[in-house]
Amino acid sequence: MKTILHVSCSPRGQAAESYRLSQAIIGFLLQREPGAIVVERVIGNGTIAHVDAAYAISQASAADVSREGSMAQSEELVRELEAADFVVIGTPMHNLTVPSALKAWIDHVVRARRTFTVGAAGKVGTLRDRPVFIAISSGGRFSGERARQPDFLTPYLKAILATIGLHDLTFFSVQGTGAGPDATAETRIGTHRALEEHFSSPRAHLQLGIG
Ligand SMILES: Cc1cc2nc3c(=O)[nH]c(=O)nc-3n(C[C@H](O)[C@H](O)[C@H](O)COP(=O)(O)O)c2cc1C
């Protein structure tokens, strides 16, 4: 049985635009894998604490100094990620990049000697690659001709998830929610079209293992 890990990062919980978009992605995945289990990891409410001192010391040394606190939380989150066949991350853009809740999750799952190793060539991921879908909501626009702000969110996620071995990323977004409900409704239609196109494309068939 396949597992979909849903990491939802907005402080607005189920009312969030990014939550709505990630649910739409999960809907498409469930069409392909009707028996899949969805594991909900809600982090937008601040349930993941920042990493503690023992964890920070471990990251700067050649051995782990603790199995408790952040290290235990890290192990739980890494195992959850390892067990997932598909990962769906629903996130708003906060101050041009990921919200701090998602950064806290990243600090726990990107862990030396566990999800990456360091050698002469730099960091090498140890996780098996798998499809990761990222659902972004933003008040303004960060891509395309109408973008009026830099995007430190998508390049950052590409770089940091690649560090642990996750390269198969697909981004969808609802941008410009600050323009009001009518404009957002319009944007959702375009995003839904992009979802339909993606999930019926040869790339998605490869991604989802459909012959
Ligand atoms: C702390 C904070 C920072 C934000 N920074 C940005 C930003 O840099 N760029 C942007 O386009 N929108 C920004 N926004 C607006 C959100 O991205 C926007 O409201 C989004 O639709 C929220 O998505 P959600 O409903 O999934 O939480 C920010 C919102 C908050 C609360």
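Let's start with a word we'll need a lot: a residue is buried if its relative accessible area is under 20%, exposed if it is over 50%, and partly exposed in between, using a 1.4 Å probe and the protein chains only. The helices (H or I, at least four residues) and strands (E, at least two) are DSSP runs, numbered from the N terminus. What you're looking at is a predicted model, where local features need pLDDT of at least 70 and side-chain atom pairs count only at pLDDT 80 or more, while totals for chains, interfaces and linings use all residues. Residues are numbered from 1 along each chain as its sequence is written, and side-chain values use heavy atoms, with hydrogens and water left out.

First, the overall picture. UniProt, in an unreviewed entry, marks residues 2-196 as "domain: Flavodoxin-like fold"; its positions are given in the numbering used here, feature names are shortened, and annotations may be inferred rather than shown by experiment. Over that stretch, residues 2-196, the chain is 37% helix and 21% strand, and the C-alpha atoms at its ends sit 21 Å apart.

Now find helix H4, residues 100-109. Seven of its 10 residues are buried, so the helix is largely enclosed by the rest of the structure. Those buried residues are Ala 101, Leu 102, Ala 104, Trp 105, Ile 106, His 108 and Val 109. What covers them? Contact here means heavy atoms within 4.5 Å, and the cover includes strands E1 (3-8), E2 (37-42) and E3 (86-92), along with helices H2 (53-59), H3 (70-83) and H5 (154-163).

His 108 makes a good close-up. It belongs to helix H4 and has a relative accessible area of 1%, so it counts as buried. Leaving aside neighbours within four places in sequence, His 108 is in contact with a string of residues, among them Ile 48, His 50, Tyr 55, Gln 73 and Leu 77. Next to His 108 in the list of buried H4 residues comes Val 109. Val 109 and Glu 76 are 33 residues apart in sequence, yet 9.1 Å apart in space, C-alpha to C-alpha. Glu 76 is part of helix H3, and at 44% relative accessibility it is partly exposed.

Helix H5 is one of the elements covering H4, so give it a look too. Its buried residues are Thr 154, Leu 157, Ile 160, Leu 161 and Thr 163. They pack against H4, and also against strands E3, E4 (116-119), E5 (122-125), E6 and E7 (169-175). Just after H5, Gly 165 takes a positive phi of about 105°.

On the subject of phi, most residues other than glycine have a negative value. Asn 95 goes the other way, with a positive phi near 50°. You'll find Asn 95 in the loop between E3 and H4, where it is exposed at 77% relative accessibility. Arg 113 isn't a glycine either, and its phi is positive at about 70°. It sits in the loop between H4 and E4 and is partly exposed, at 39% relative accessibility.

Finally, the ligand. The shell around it has 16 residues, and the closest are Ser 10, Ser 18, Ser 137, Gly 140 and Thr 177; a residue is near a molecule or strand if one of its heavy atoms lies within 4 Å of it. Helix H1 (17-32) and strand E6 each supply at least two residues of this shell.Three side chains bring a polar atom up to a ligand oxygen: Ser 18 at 2.5 Å, Ser 137 at 2.6 Å and Thr 177 at 2.7 Å. The protein covers 71% of the 640 Å² of accessible area that the ligand has on its own, with areas from the Shrake-Rupley method and a 1.4 Å probe; for residues, only the protein chains shown count as cover. A polar contact is a pair of N or O atoms within 3.5 Å; within protein, one must be able to donate a hydrogen and the other to accept it, and residues adjacent in sequence count only if both atoms are side-chain atoms.

Ser 137 lies in strand E6, residues 132-138, and is buried, with a relative accessible area of 9%. Ser 138 lies in E6 as well and is buried at 2%. For "binding site", the unreviewed UniProt entry lists Ser 10, Ser 137, Ser 138, Gly 139 and Gly 140.
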